[in-house]
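User: I'm new to this one. Could you take a close look at a single part, the inside of the fold, and walk me through what surrounds it?

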Amino acid sequence: MYPEMMVAPMRAELTTVGFRELRSAAAVDEALKDAPGTALVVVNSVCGCAARNCRPAVAEAVQQAVKPDQLFTVFAGQDGDATRRAREYFTGYAPSSPSIGLLKDGQLVYMMERWQIEGRDARTLAAELKAAFEQHCGAGV
């Protein structure tokens, strides 16, 4: 586990754009279990693809009008229980970090895994996230 002062700026990249950190399994369940509406869950990480691709893409994507009702993040390698529990909501997918899951009414409707994040630029990833938001979030969806 990395020292908290080292990961604090990495956490802040998401919390400053409206994400709420879930730091325990109980907090994850409280936020996601049978939750109405849409929720974006970002599994944050200290790796380079999280810094260069994932966090910037997510920060850009959530600036549009159509976006998930709730924004949450867990930090892999730091908040182990929370991360394990969040991944249980990503049914059918192996654990990966970083990763991004979109849930609607408590069910996973979109997933972006590490292999889809690595080596791709943040703008491309943001465009894919925005398209997922258009498909699953907002009025009349």
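Analyst:
**The core and the sheet**

The largest nonpolar core has 25 residues, and those touching the most other members are Phe19, Leu40, Val42, Val58, Ile100, Leu129 and Phe133. A nonpolar core here is a set of buried Ala, Val, Leu, Ile, Met, Phe, Trp, Tyr and Cys residues joined through side-chain atoms within 4.5 Å. Buried means under 20% relative accessible area, exposed over 50%, and partly exposed in between (1.4 Å probe, protein chains only). At least two residues of this core come from each of E2, helix H3 (48–61), E4, E5 and helix H6 (122–136). Those labels are DSSP runs numbered from the N terminus: helices (H or I) have at least four residues, strands (E) at least two.

A quick note: this is a predicted model, where local features need pLDDT of at least 70 and side-chain atom pairs count only at pLDDT 80 or more, while totals for chains, interfaces and linings use all residues. Residues are numbered from 1 along each chain as its sequence is written, and side-chain values use heavy atoms, with hydrogens and water left out.

Let's zoom in on valine 58. Beyond its neighbours within four places in sequence, valine 58 is in contact (heavy atoms within 4.5 Å) with Leu14, Phe19, Leu40, Val42, Ile100 and Leu129. Another core lies apart from the largest one; it has 16 residues, including Ala31, Ala82, Tyr89 and Leu103.

Now for the sheet. Its five strands form an open sheet in the order E1-E3-E2-E4-E5, with mixed pairing. Strand E1 (20–21) and strand E5 (107–112) are at the edges with a single partner strand each, so one side of each has no neighbour in the sheet. Strands count as paired if DSSP finds at least two bridges between them. E2 and strand E4 (residues 99–104) are antiparallel, with six bridges, and valine 41 has glycine 101 in E4 as its bridge partner.

Helix H2 (residues 25–32) packs on this sheet, touching E1, E2 and strand E3 (70–75). On H2, Ala25, Val28, Ala31 and Leu32 are buried. These four cover an arc of only 130 degrees around the axis (taken from the directions from the helix axis to the C-beta atoms), so they sit on the same side of H2. Ala26 and Glu30, on the other side, are exposed. The cover over the buried residues of H2 includes E1, E2, E3 and H4.

Finally, threonine 38 is in strand E2 (residues 38–44). Threonine 38 counts as buried because its relative accessibility is 6%.

Methods: Axes fitted to C-alpha atoms, helices over the stretch in contact; angles between N-to-C directions.
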